[in-house]
Structure formats: C-alpha cells, structure tokens
Amino acid sequence: MPRQLIMRRTMDGLTPVDMDGFAELDKITMGKDVRVSVTQSRNIKLHRMYFGAVAHLLRNQNLYTVLDDLHADICIALGHFTIETYRGKPKKRAKSISFAGMDEAAFREFFEGFVKLACERIAPNLPESELNKFLEILDGNSGKLGNRAA
C-alpha cells in the first residue's frame, strides 16, 4: 500500500517534516527510483480571499442575491463543473472547491481566472486595479477575518 509523507522543499531537495517521514524515507533503498505524487496543501488565506471577494462582488452587482448562486455560476463559467442529468436534460453543476477536492496549484489557477472573470463579466465597471486593491485589503486583514468570509 502506498505510504504518504509530508515533505518540505529545501535547498537540498524534499525533506520529511517529522520523524515518521524520516523513518519511511530510510526504508527506500539508496539509488532506487520511486513514484511520487505531489499535492501542495491549500492556502487558507487565498481561500478566504476568494470568498471575501465574492461577497464584495455580490454587494456590488444586481444579478445575484445569494452568495452560493454567484459562487456556483463562477465555478461553471471557469469550467469547474460536471454534467448531470436533471429531468432528462443535461445540466451543469458546479464542482466543489473544497480543500480535499482541489490542490493549491489548481486553486491558484481557479483564483486567477476568477479575478479576470470578475472584472470582465460580473462587475465590468469595476477596474481590475480596484479588485486588486480590495484583495490586498483582504490579504492584510486575513488573520482578523477568522474562519468566515469578509
């Protein structure tokens, strides 16, 4: 059965972060090739920034009244959806952006697409520089926001 190790990138390469990791690494024969699957842990700060920005957009547009509806349509517009059959017809359903369902690299790509989408289609009168200023404010206050959206 595959073993999972938590590693940290250093100048010397990848290094285990705990004693269990070093013990598992010692079991691998020196010079032996191993298959590695890399998943970078998600950044909670960026996750909070996304939902804070969506809440800000919700307050500054007239199409949506519910944050979850806006979020779902953002996911669909960015191609993050599945097709399900509803009453015999195909329907797009937003996929989750949960920590378990999306790694850091995928979320960063999603977030960058969101910023572009927000400026071009959701709030076209909001310049990207304004949204970026808002994101900077969220970034500076992320520790104060706790586990809730802004």
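Q: In this predicted model, which element has the lowest mean pLDDT and which the highest?
A: Among the elements of the protein, helix α5 (residues 128–145) has the lowest mean pLDDT, 63, whereas α3 has the highest, 95. For the protein as a whole the mean pLDDT is 82, with 90% of the residues reaching 70 or more. Over residues 142–150 the pLDDT is below 50, and this stretch has 12 contacts in the model beyond near neighbours in sequence.

Q: Why are α3 and α4 called roughly perpendicular to each other?
A: Helix α3 (residues 67–77) and helix α4 (residues 104–122) pack at an angle of about 105 degrees, their axes being 10 Å apart. Angles of 65 to 115 degrees count as roughly perpendicular, and the two helices are therefore described in that way.

Q: What makes up the contact of α3 with α4, in terms of nonpolar, polar and charged residues?
A: From α3, Leu 70, Ile 74, Cys 75 and Ala 77 meet Phe 110, Phe 114, Leu 117, Arg 121 and Ile 122 of α4. These residues divide into eight nonpolar, no polar and one charged. Arg counts as charged, so Arg 121, listed on the α4 side, is the charged residue of this contact.

Q: How do you know that strands β3 and β4 pair?
A: Pairing requires at least two bridges between two strands, and six bridges join strand β3 (residues 81–86) to strand β4 (residues 89–94), so the two strands, which run antiparallel, count as paired. One of the residues involved is Phe 81, whose bridge partner in β4 is Ala 94. The two strands form a hairpin with two residues between them, and in the turn Arg 87 has a positive phi of about 55 degrees.

Notes
Residues numbered from 1 in each chain as written. Predicted model: local features only at pLDDT ≥ 70, side-chain atom pairs only at ≥ 80, totals over all residues. Heavy atoms only, no water. Axes fitted to C-alpha atoms, helices over the stretch in contact; angles between N-to-C directions. Helix = DSSP H or I, 4+ residues; strand = E, 2+ residues; numbered from the N terminus. Parallel < 35°, antiparallel > 145°, perpendicular 65-115°, else oblique. Contact = heavy atoms within 4.5 Å. pLDDT = per-residue confidence, 0-100.
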